[in-house]
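Me: I am new to this structure. Please take a close look at one part of it, and then tell me how that part sits beside the rest.

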Amino acid sequence: MQTDSFVLRHIGPSEDQVQEMLKTIGVKSLNELIFNTIPDDIRLKSTLNLPEAMSENEFASHIQTLGNKNKQFKTYIGLGYHATTLPAVIQRNIFENPSWYTSYTPYQAEISQGRLEALLNYQTVISDLTGLPIANSSLLDEGTAAGEAMIMLLNGRSRSQKKANALKFFVSEEVLPQTVDILKTRSEPLEIELVFGNHQEISFDESFFGAIVQYPAKHGKIYDYTKFIDNAHQKEVKVVVAADILSLSILKSPAEMGADVAVGTTQRFGIPLGFGGPHAGYFATHDAYKRLIPGRIIGVTVDVDGNRALRMALQTREQHIKRERATSNICTAQVLLAVMAGMYAVYHGGDGIKYIARQIHSLTNILDKALLKLGLKQHNDTFFDTLKINVSSMAKVKELAEEKEVNFNYINENTVSISINETTTLSDIEDIIDILAHAENLYSHKITDCPVSLSIPKELQRTSSYLTHEVFHKYHSETEMMRYIKRLEYKDISLTDSMISLGSCTMKLNAATEMLPLSMSNWNAIHPFVPVNQAQGYHEMLKGLEKQLNVITGFYATSLQPNSGAQGEYAGLMVIRAFHKANNETHRNICLIPASAHGTNPASAVMAGMKVVVTKTSESGNIDIDDLREKAIKHKNNLAALMVTYPSTHGVFESAIKEITKITHENGGQVYMDGANMNAQVGLTNPATIGADVCHLNLHKTFAIPHGGGGPGVGPICVAEHLAEFLPSNPIVKTGGTNAITAISSAPFGSALVDLISYSYIKMLGSTGLTQATTIAILNANYLKALLEKHYKILYAGENGFAAHEMIVDFREFKEKGIEVTDIAKRLMDFGFHAPTVSFPVAGTLMIEPTESENKEEIDKFADALIQIKKEIDAFKDEDSVLKNAPHTLAMLTNDNWNYSYSRKDAAFALDFIAQNKYWPRVRRVNEAYGDRHLVCSCNPIEDYIED
């Protein structure tokens, strides 16, 4: 065994297992399998032009050397990003724990109660601190949260506002620059008119529907927006407050000022800077918007026994159901980071959060007083952590600061701002004073008095309570915190337990070597707006990843900015929109989308200002070419794009894909390829070869970034040469094309920290390993198909009878017996498996994708479980069935009363392998409808538990 070969560690089946699997499938070799699966006219004729694979040791040395090129200065830039202290108990037990980072979005509530509770804690933190009654379980970052808020208020306009065509949205000049840029991006295709100005001077009329202000303002000044909001409300204008979440522990809450929506980032709650991400954006609002609020909401419900349970609420809002009528395309959020931020609040409690905020504010007061002694003008009469200072020469300050390895925010030639953070000490304050004094040729005074003080005016101080629930009072010792995290961890299924074969989700190995750099300070402690020469390691890594992805996709250029797959879709379509605009063809606004497409596709198209025209799917599951041609010709004068997933969402390499893309091009459209199924392409074919112009990739699928329970995700776009000039920019750090669209995400390079994972994955697999991984993914899918097709109907296959990397198993025929596909999904939990993708893209089916990381033994177990379930389906008579009562909990099995016609063994240990590693769901089947009828999205305050 070649112990230094990473490919052997990443790929599940051994060589002997591969031969057995090929025999079961009925082919003689992997080459024969691929020849029969992928159309020959799109096969790559040469290997990927990538360096030879590194061993894990070689990569560890390489990434350390690269990381050392990043300079770790003391950074006081602020602008929405601050140094923090991540408690070690959270770093060790969540951030670095595969049980947390390899779990999936909690669609299957019964096996997700741990992270659902952690997310409910997070929502409670947001709701309490903002004062608003409903919060979602995270968004992608602060800027995109602001964009979502604007669109929500647009969609929530009153009848009279719609009639008056109210399309103006006021943006305060104090809003963060990256947020402003995203608002520009989001507003343009929806014909929203942004009005910029001073919030103290704006005069609203019936043409406005919304407004946004920053709290504290971008350079630190605190405004009381109560009167502004009241004036806005008198004209039926709704107000978004973008608020620093930590400051809200001592500042008057947005709700107390009358805000309709509060947005921001929870990065300050212990989340590493990571050169801009990933961080969990937050979003809170009033109950009136609960059907419009973007993202996921965790709610309280009951199981069939009436016991308390948690689940994702109001899922009818989601894109797979509403498609082009969806109010947002948000799919992936930032669950892992939201869990960490919520746990930061649990560990510190309300008093601890307030202590941290007051320490920061007190150090800022000390700095302010020292500046006064120096005779320097400080502009902010009210502030939380940021001072805006007049200096004689910004260049001189910058030179001296960088000599001392310190970064400030340089506003103009005579103004700097300094933002104090959780890691700042009194010694750091003295260093800051020394730099400023030296720059001004002044004598630096020694600090002798350092009291904890509060300089915030009384009318702006917080008086309302927060974080009163028991969970924020119980776990302040590390021992108790560790045990609480572990209790939640054990409630969930992750890749540490078993295969998670979710179709179109690619739950592959997230190797430890790939994850280790994320904990290194020379990677995770870098502010996104530091000068380029302080982040050379990052820039080399990111450029390297862009080149890798260019080679893999066959495209010319890549943008890593989109921080989710849905963001990638949106970015790709916005680039196409910009291309048509540059060609004076702004009338091109028709987007053709197959009926089988991922639900975010039509939602993204609508957000990009396009009209969706759905094309039919043939009986074989392929795009109906005649219908596509007819609609392309019909709309040829206005055709903007075709969105196509390849291989198809039905798990098939459509042989006519080149004809499909040719039809689109002949009628004036661009081809956008959804990269959800890229795991079946890498090294064997690519988007450029099939005729696409742009694609997005899911680095959290194909390129090994873990799903994190529902995020982080990264959705870069790769484009042909004619689209490269339009790649997205950033208002602070130069990036993007020569004719770039405005920002898609807040940070210049999106969630840069986790890009390390994909970079390392490609480095350690190399050209040969990447191609082998794709080949084995296709092998595993077809092996599982061969095992299951003797017992179930497999819906679609390619022309030669083979699947791509996933397949759809049809359970609709059992409906007449009273059995639903949900029953099968819940029953799989009793065997220790997470259900595959349920009822997508076809209702009443399971879409299964085993990935290359699973070996034959694990796939056999999963197949055995489904084969056993088929026996249970055949034996089904009535509701008294293992299928209808699944999942079975330990409480059921150990109850003295057992009133079922089947045995306890049949319920919980139907197959012998289960006993080796038995997983027990903590709740029985949850009541979805009850949770929506009685919507509760936060922890109750501790007073609710006090008995009279």
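Reply: Start with a ruler for helices. The expected span of a helix is 1.5 Å times one less than its number of residues. Keep in mind that this is a predicted model.

The part to look at is helix α8. Helix α8 covers residues 142–155, which makes 14 residues. From its first C-alpha to its last, α8 reaches 20 Å. That is close to the 20 Å expected at 1.5 Å a residue.

Look next at where α8 begins. Which backbone nitrogen does a side-chain oxygen of D141 reach at the start of α8? The backbone nitrogen belongs to G143, and the oxygen comes to within 3.3 Å of it.

Is α8 enclosed or open? Buried means under 20% relative accessible area. By that cut-off, 13 of the 14 residues of α8 are buried, so the helix is largely enclosed by the rest of the structure.

Now set another helix beside that picture. Helix α15 spans residues 426–439 and has 14 residues. Its reach from first C-alpha to last is 20 Å, close to the 20 Å expected at 1.5 Å a residue. The buried residues of α15 include D428, E430, I432 and L436. What do the buried residues of α15 pack against? Their partners include helices α13 (335–374) and α14 (394–403). Strands are among the partners too: β1 (74–75), β11 (386–390), β12 (406–407) and β14 (415–419). After α15 comes N441, whose phi is positive, near 60°.

A third helix, α7, runs over residues 113–130 and holds R115. R115 is buried, with a relative accessible area of 1%. What does R115 touch, leaving out residues up to four places away in sequence? Its contacts include W100, S103, Y104, T105 and P106. Further along the chain, R115 also touches D492, I493 and G709.

Turn to the strands. An open sheet of 7 strands has the order β2-β8-β7-β6-β5-β3-β4, and its pairing is mixed. Which strands stand at the edges? They are β2 (134–135) and β4 (193–197); each has a single partner strand, so one side of each is left without a neighbour in the sheet.

Strand β5 sits between β6 and β3 in that order. β5 is mostly covered, with 8 of its 8 residues buried. On one side, β5 pairs with β6 in the parallel sense over 6 bridges. In that pairing, I212 stands opposite V240 in β6, and Y215 stands opposite A243 in β6. β3 (residues 168–172) also runs parallel to β5, joined by 4 bridges. Here K168 stands opposite F208 in β5.

Charged side chains add further links. The model has 33 salt bridges. One of them joins D224 and K252 at 3.4 Å, N to O. D224 lies in the loop between β5 (208–215) and α11 (226–234), and K252 in the loop between β6 (238–243) and β7 (261–265), so the pair ties together parts that are 28 residues apart in sequence. D224 is partly exposed at 32% relative accessibility. K252 is buried at 15%.

Another salt bridge joins E789 and K785 at 3.1 Å, N to O. E789 is partly exposed at 41%, while K785 is buried at 8%. E820 and K815 form one as well, at 2.9 Å, N to O. E820 is partly exposed at 34% relative accessibility. Shared partners also join E20, K856 and D860 into one network of salt bridges.

How far can the coordinates be trusted? The mean pLDDT of the protein chain is 95. Of its residues, 97% reach 70 or more. Residues 942–948 stay under 50. For that stretch, the model has 6 contacts beyond four places in sequence. Where pLDDT is low, the predicted coordinates should not be read in detail.

Come back to α8 at the end. D141 makes its polar contact with G143 at the start of the helix, and 13 of the 14 helix residues are buried.

Notes: Residues numbered from 1 in each chain as written. Predicted model: local features only at pLDDT ≥ 70, side-chain atom pairs only at ≥ 80, totals over all residues. Heavy atoms only, no water. pLDDT = per-residue confidence, 0-100. Contact = heavy atoms within 4.5 Å. Salt bridge = Lys/Arg side-chain N within 4 Å of Asp/Glu carboxyl O. Helix = DSSP H or I, 4+ residues; strand = E, 2+ residues; numbered from the N terminus. Buried < 20%, exposed > 50% of the residue type's maximum accessible area, 1.4 Å probe, protein only. Polar contact = N/O pair within 3.5 Å; in protein donor to acceptor, adjacent residues only side chain to side chain. Pairing = 2+ DSSP bridges.
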